[in-house]
Amino acid sequence: MSSSGGIQIPSRLPLLLTHEGVLLPGSTTRFSVDSARNMQLVKSRLLKGTSLKSTMIGVIPNTKDPEHDSDELPSLHSIGTAGLAVQVVGSNWPKPHYTLLITGLCRFRVSHLLRERPFPVAMVEQLDRLEQYTEGGQLDGELGELSQRFYQAAVQLVGMLDMSVPVVAKLRRLLDSLPRETLPDVLASMIRTSNLEKLQVLDAVDLEERFKKTLPMLTRQIEGLKLLQKTRKLRPDDDKRVLAMRKGGVFPGRQFSLEEDAEDEDGDDMAMLERKVKEAGMPEPALRVCLKELKRLKKMPQSMPEYALTRNYLELMVELPWSKSTTDCLDIRAARVLLDNDHYALEKLKRRVLEYLAVRQLKSALKGPILCFVGPPGVGKTSVGRSIARTLGREFHRIALGGVCDQSDIRGHRRTYVGSMPGRIINGLKMVGVNNPVFLLDEVDKLGKSLQGDPAAALLEVLDPEQNHSFTDHYLNVAFDLSQVLFIATANTTATIPPALLDRMEVLQVPGYTQEEKVEIAHRHLIPHQLEQHGLTPQQLQIPQDTTQEIISKYTREAGVRSLERKIGAICRAVAVKVAEGHKLSRTDSSSEPGAGNNSEQEGKAEDSDMTAPPEMPIVIDQVALKDILGPQIFEMEVRNRLTLPGVAIGLAWTPLGGEIMFVEASRMEGEGQLTLTGQLGDVMKESAHLAITWLRSNAKTYQLTNIAGCADPLEGNDIHLHFPAGAVTKDGPSAGVTIVTCLASLFSGRLVRSDVAMTGEITLRGLVLPVGGIKDKVLAAHRAGLKRIILPKRNEKDLEEIPSHIRAELDFVTASTLDEVLNAAFDGGFPAATVTHSQIASKL
Ligand SMILES: Nc1ncnc2c1ncn2[C@@H]1O[C@H](COP(=O)(O)OP(=O)(O)OP(=O)(O)O)[C@@H](O)[C@H]1O
């Protein structure tokens, strides 16, 4: 600091409240800030401002215990140090924080606070007048004598310190040229002092008092060093002195006593870190790396950015559960009960999970398959995973892989990068704190790919039981044994899972629920859960089975139960309002019809009433109440209105969201025999359309198909347009083949397709019908839509066993191996009909 500057600090200063130490004028100190107040200050002041003034802040020691620091501004220490932020480094690890390097300029006194939020700003009065410092260092009278004694002690101290430490060398060079007035602050911040002592130096506004306060500290340090030198003769340990100076100088926040340093290493956090490293139970290679890093860390000045990186690395290494694990408490009978209690239906899945667990019980070191639950959203895949962890008594951690497109998300970044972090697997292990948790890899089918590498490839190593005992995260750079971790994956479809990854997993299909299953799930799980979430009891709200049926068919269209749960949640919220109002309503009002809407005059009266009893009658959600709460029904059986013209047929499609019914529409007009396809079709589907047209043209005579003019080639002089609503959703796959043929046959013959029939199947050019997938979901969708007859490929007959018998009984299945059989089943009276009276055949539904 020079005397020529004549620095004037602004009269308004933003304040940084720090627990970490005391900044004294003339010293440069590193502060780590993470409180909301301080982060705001850094963001909106230091990072935004461009002028020198904007980097000037007031640093006030926060004497309040950091554990009890709250949002409220604590009572401020009245004296602080104005400082310049010379460096700001941000990091998100282990939590968001900034590290500031601040050079102290001069003391100030807080006159009054101008504002408290988002960070405090105060009117301040500058206390040290920098421009008044004496050139060359002469002071008069008693003060002069005191300063001389101080100077000599400082020279003696600097002489005893290790010159290889840069701060010491710099201080020795500057000692003569520094104004004497600044020496107490500069030295107090370098020597070993407690925060309390530094606070006293800060508070000593009067120069003489400051000299008097600091001189004993200086002599104490000199005595201490003398003592150390003596002991060093007995136990040569050169690093000590370097370390002593470094810590005292750069981290004023730390309190070190000389005795502690000479004998007892326990308080020393470097020694503590070393002890933790040794106690972490790491395998030999990891331990060697840690000890090497530790050695480097000891030699590194704390001001080096690499210091923090290395330290973070070591802290992560000691936190990882190298040898910590939970003991499995597996009892198959209890597991069965628990799985049954948590989940209704899902029989096949639960059976396979129990087999898996049973084998684990018999052979604990099982390198078993990795289970992958595949099914539509909301069918309970994630929650079954959670139940498995519970049955095993293991920790559970979910890793969401949806949208992950960078392999370092899985494997971490190399430590050479700024802001490098370990990957999600290692992070998960650190969070659960044991090395045998259940990891649920959610949505493996939604992994992305990008220039930063393929995360699926990184997962290959994780999921391969032969390799994962030596999984190497880039950040750790040493192997971690993942073989004890139980991985379970979930996905909506296997189509987008990379084949190599799929190969490592055993796929368990979780199909959608039937209407009846949904009703049961709602009553056993969803309603009790939602009631609890909304603070309601069954005595306050009752949802009868009929209402649940209505919600399922009129307000949701899904394979799982997630939107059903949301609708029940909406009902609970509406009822919660009524119940809460009921606290104020008069008793006569409590019997008012639920859902009929309480009239407002009564509510007005109720304001004055002090009757606090809630309504005693439960609110029963009937149809009227349901309509009041959820509004008019969202989904209708639209089938009826749409099959009133020839050229429309209903197909069955399978999507990752479950089965769905799908309309196919066709129309024709005069033209040149062109085929137009719309509705976002994939290549396979387009090919099916061409196949269908060709087959129909070649069989036009047999089936009496004609163009508009009645000519035997349906395409002659006609253009055909085929459309697949909903137009915004991409569709692909061969299973619409039979539907397209039926739809076109209807168009070319002018006959209506039966309105209660849906179909699925791939076609060949020769008119054969080939099997397709997703039969259970498709049949459930047709059943949901109220259709009665389902035409499927003959070779899919075996899949019908999966369908619950009561649903099978309600449907009429026609299995077909040729298109001829399909057409005969799709039209009333067969195809072609013996006697055709086209327009009189009405839609049947
Ligand atoms: N068979 C069931 N019994 C009881 N509750 C169920 C059942 N199936 C689903 N649920 C409930 O449905 C909700 C959604 O389930 P979950 O989150 O596990 O779905 P998911 O299949 O993992 O969906 P996504 O693929 O979108 O992740 C949960 O609250 C779960 O408890």
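The exchange below concerns a predicted model, its annotated binding site and the pairing of strand β5.

Me: Where does UniProt place the feature "binding site"?
Reply: The unreviewed entry places the feature at Gly-375, Pro-376, Pro-377, Gly-378, Val-379, Gly-380, Lys-381 and Thr-382. Of these, Val-379 lies in the loop between β7 (370-374) and α14 (381-392), and Gly-380 is found in the loop between β7 and α14 too.

Me: Why does Val-379 count as buried?
Reply: A residue is buried if 20 or more other C-beta atoms lie within 10 Å of its own. Val-379 has 28 such neighbours, so Val-379 counts as buried. Leaving aside neighbours within four places in sequence, its contacts are Val-510, Gly-512, Tyr-513, Ala-559 and Gly-560.

Me: What makes Gly-380 buried?
Reply: The cut-off is 20 or more. Gly-380 has 24 other C-beta atoms within 10 Å and is therefore buried. Beyond four places in sequence, Gly-380 is in contact with His-343 and Leu-346.

Me: Why are β4 and β5 said to pair?
Reply: Two strands pair if DSSP finds at least two bridges between them. Strand β4 (residues 79-91) and β5 have 12 bridges, so they pair, in the antiparallel sense. Within this pairing, Leu-84 stands opposite Thr-103 in β5.

Me: What makes β2 a partner of β5?
Reply: Strand β2 (residues 28-33) and strand β5 (residues 97-115) share 6 bridges against a required minimum of two, so they pair, again antiparallel. Thr-29 has Ile-102 in β5 as its bridge partner.

Me: What joins β5 to β6?
Reply: A hairpin through 5 residues does. The two strands run antiparallel and are joined by 6 bridges, with Arg-109 partnered by Glu-125 in β6.

Terms used:
Residues numbered from 1 in each chain as written. Predicted model: local features only at pLDDT ≥ 70, side-chain atom pairs only at ≥ 80, totals over all residues. UniProt positions renumbered as here; feature names shortened; annotations may be inferred. Helix = DSSP H or I, 4+ residues; strand = E, 2+ residues; numbered from the N terminus. Buried ≥ 20, exposed ≤ 12 C-beta atoms within 10 Å, placed from the backbone. Contact = placed C-beta atoms within 7 Å.
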